Structures are given as C-alpha cells and as structure tokens.
Amino acid sequence: MLLTIDIETLPGQSEEARAIARAETKAPGNLKKPESIEAWWAEQGYAAVEETWRKQALDPAMGELCAIGFACGEDSPAVSIVRRLDEAERDFLKRALQAIQAAIETEHGPFWHDSRRPFPVAHNAAFDFGFLRARCWANRIRPPRWVPKADARQGRDFGDTMQAFAGFGGRVSLSRLCRCLGIADPKEGGDGRDVLVLWNEGQHEALAAYNRADVEATRACWLVMNLGADCEVV
C-alpha cells in the first residue's frame with residue numbers, strides 16, 4: 001500500500017533554541033574594528049539572529065514538527081494533523097502517528113511482516129523521513145516501522161519523487177516537478193516560509209490545507225512516474 005507523507009517544520013520553540021541562534025550568529029568577517037561590529041549588531045543584529053533561528057526549521061537537531069500530512073493508498077483523501085499551539089511536540093507526534101497507524105489499518109489491515117508493510121513516499125524523502133525519525137528519537141518515541149531507516153534505499157524501501165525524477169544527488173522542487181508533469185502546483189497559494197506565520201497565528205486549517213496539497217501533489221507525481229497514471233502506451 002502506498003503511504004504518501006509530507007511534514008511541516010518550525011524552528012526550535014524553546015528559549016534555549018533562541019539562545020543558540022544568538023550564539024551562532026556572527027558579524028560579517030570583513031568587519032574587524034570593535035566599533036564596526038558593535039554598529040552592525042545595533043543595526044542588523046536582531047534580523048540576523050532571527051534568520052539564524054528560522055533556519056532551525058531545516059535542522060532536525062534543532063527544529064520541531066508542526067504538521068504531518070498523509071494519504072493511504074492511491075485515491076483516499078489526504079489528511080493533515082496539525083500541532084496545537086499549547087501542545088508539546090511529543091504529544092503531537094504521538095497523536096499524529098496514532099492517526100496514521102489507524103488509517104493504515106483501516107485501509108490495509110494490520111501489518112506484521114515486511115511483505116505487508118506500507119510503501120512510504122515523499123518529495124525529498126531524505127528530509128521528511130530523516131526529520132521525522134530524528135524528532136521521534138528526540139522525544140523518546142520509537143519511529144514507526146514504516147519510517148525508512150537511514151540506510152534504506154530509494155525505490156526498494158521507500159519512494160522519493162525528487163530522486164526518481166532528478167536522479168541520485170539531483171534536486172527538483174515539487175512546484176517545478178508538478179509543472180513538468182501537468183499537475184496543479186501546490187505552492188501557488190504560498191510556500192514553506194509561510195508555515196511559521198500560519199502556525200503562530202493559529203491559522204491551522206490554512207496550514208492543514210497547505211500540507212494536504214503537498215501530499216496530494218506528491219502522490220500524483222509518484223503515480224505518473226511509477227505506475228504510468230494517465231500515460232498512453234505506445
């Protein structure tokens with residue numbers, strides 16, 4: 001059974017994460033004089049620290065999860081579980097993973113052997129599955145059996161629409177891939193930079209819709225490239 005996954009991430013939400021961002025922010029190396037460095041901090045320091053902090057959303061050792069989208073099978077509707085503002089990441093992860101497990105069992109039945117394990121697919125799967133795996137460990141949760149391990153192989157253990165299209169080491173954005181394959185671009189209404197704002201402002205249904213659109217687009221791309229969906233045989 002196909003299991004399409006997409007995650008949304010945040011910078012670290014603790015005061016410690018903010019402090020680390022401040023410690024890791026440095027003035028440009030071409031500034032040598034103390035007064036020049038002091039002036040840079042006064043004029044640009046806050047924005048620089050904020051940028052460093054926001055980059056934590058791409059680092060599973062520092063960032064956190066705020067939404068997990070999934071779809072079981074080839075045509076079931078995508079679902080997005082969004083973290084509440086007052087919800088610890090650990091509680092959110094448990095809630096989201098339980099929902100995914102319940103959906104898998106409803107669609108596919110329990111899986112106890114590798115032959116019945118769902119086949120997980122994502123776009124830039126190394127990021128999504130790596131982040132999910134890392135945040136499970138950080139929160140002392142055993143990663144589900146369907147989450148590929150670090151040494152898993154694309155095409156055998158999991159699917160990656162980016163790698164399937166661009167090849168090993170290649171990159172293509174989901175938007176560009178969708179345009180190439182004639183699939184609706186899920187990023188037309190925004191992109192990943194909007195996630196933090198939507199979550200902080202409590203616009204969680206908008207965030208869920210964004211997350212679901214990525215799941216649907218990823219699945220559509222995978223079906224075209226691997227199952228020949230809507231393709232003519234010549």
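Strands E2 and E3 make a hairpin with 6 residues between them, and in its turn Gly 73 takes a positive phi of about 85 degrees. The model is a predicted one, and this hairpin is a handy place to start reading it. E2 covers residues 64–72 and E3 covers residues 79–82, and the two pair in the antiparallel sense over 4 bridges. To find the register, look at Ile 68, whose bridge partner in E3 is Ile 81.

Stepping back to the whole chain, the protein has 8 helices and 5 strands. Read from the N terminus on, the elements go β-α-α-β-β-α-β-α-β-α-α-α-α. Taken along the principal axes, the C-alpha atoms fill a box of roughly 70 × 40 × 35 Å.

Next come the parallel pairings. Strand E1, spanning residues 2–10, pairs with strand E4, spanning residues 119–122, in the parallel sense, with 3 bridges between them. Here Thr 4 sits opposite Val 121 in E4. E4 also pairs with strand E5 (residues 159–160), again in the parallel sense, this time over 2 bridges. For that pairing, Ala 122 has Asp 160 in E5 as its bridge partner. Getting from E4 to E5 takes the chain through helix H4, residues 125–138, and the resulting β-α-β crossover is right-handed.

That leaves a helix pair further along the chain. Helix H6 runs over residues 174–181 and helix H8 over residues 204–227; their axes come within 10 Å and cross at roughly 50 degrees. That angle makes H6 oblique to H8, since angles of 65 to 115 degrees would count as roughly perpendicular and those under 35 as roughly parallel. As for its hand, the crossing of H6 and H8 is left-handed.

Which residues in H6 meet H8? On the H6 side they are Leu 174, Leu 177, Cys 178 and Leu 181. Across from them, H8 brings in Asp 214, Ala 217, Thr 218, Cys 221, Val 224 and Met 225. Sorted by class, the contact of H6 with H8 has 8 nonpolar residues, along with 1 polar and 1 charged. Under this sorting, Cys counts as nonpolar, so Cys 178 in H6 and Cys 221 in H8 go into the nonpolar group. Asp counts as charged, so the charged residue of the contact is Asp 214 in H8.

Notes. Residues are numbered from 1 along each chain as its sequence is written. This is a predicted model: local features need pLDDT of at least 70, side-chain atom pairs count only at pLDDT 80 or more; totals for chains, interfaces and linings use all residues. Side-chain values use heavy atoms; hydrogens and water are left out. Axes are lines fitted to C-alpha atoms, for helices over the stretch in contact, and angles run from 0 to 180 degrees between N-to-C directions. Angles under 35 degrees count as roughly parallel, over 145 as roughly antiparallel, 65 to 115 as roughly perpendicular and the rest as oblique. A crossing is left-handed if the near helix is turned anticlockwise from the far one by less than a right angle, and right-handed if clockwise. Contact means heavy atoms within 4.5 Å. Two strands pair if DSSP finds at least two bridges between them. A crossover is right-handed if, with the strands pointing away from the viewer, the path from the first strand over the helix to the second runs clockwise.
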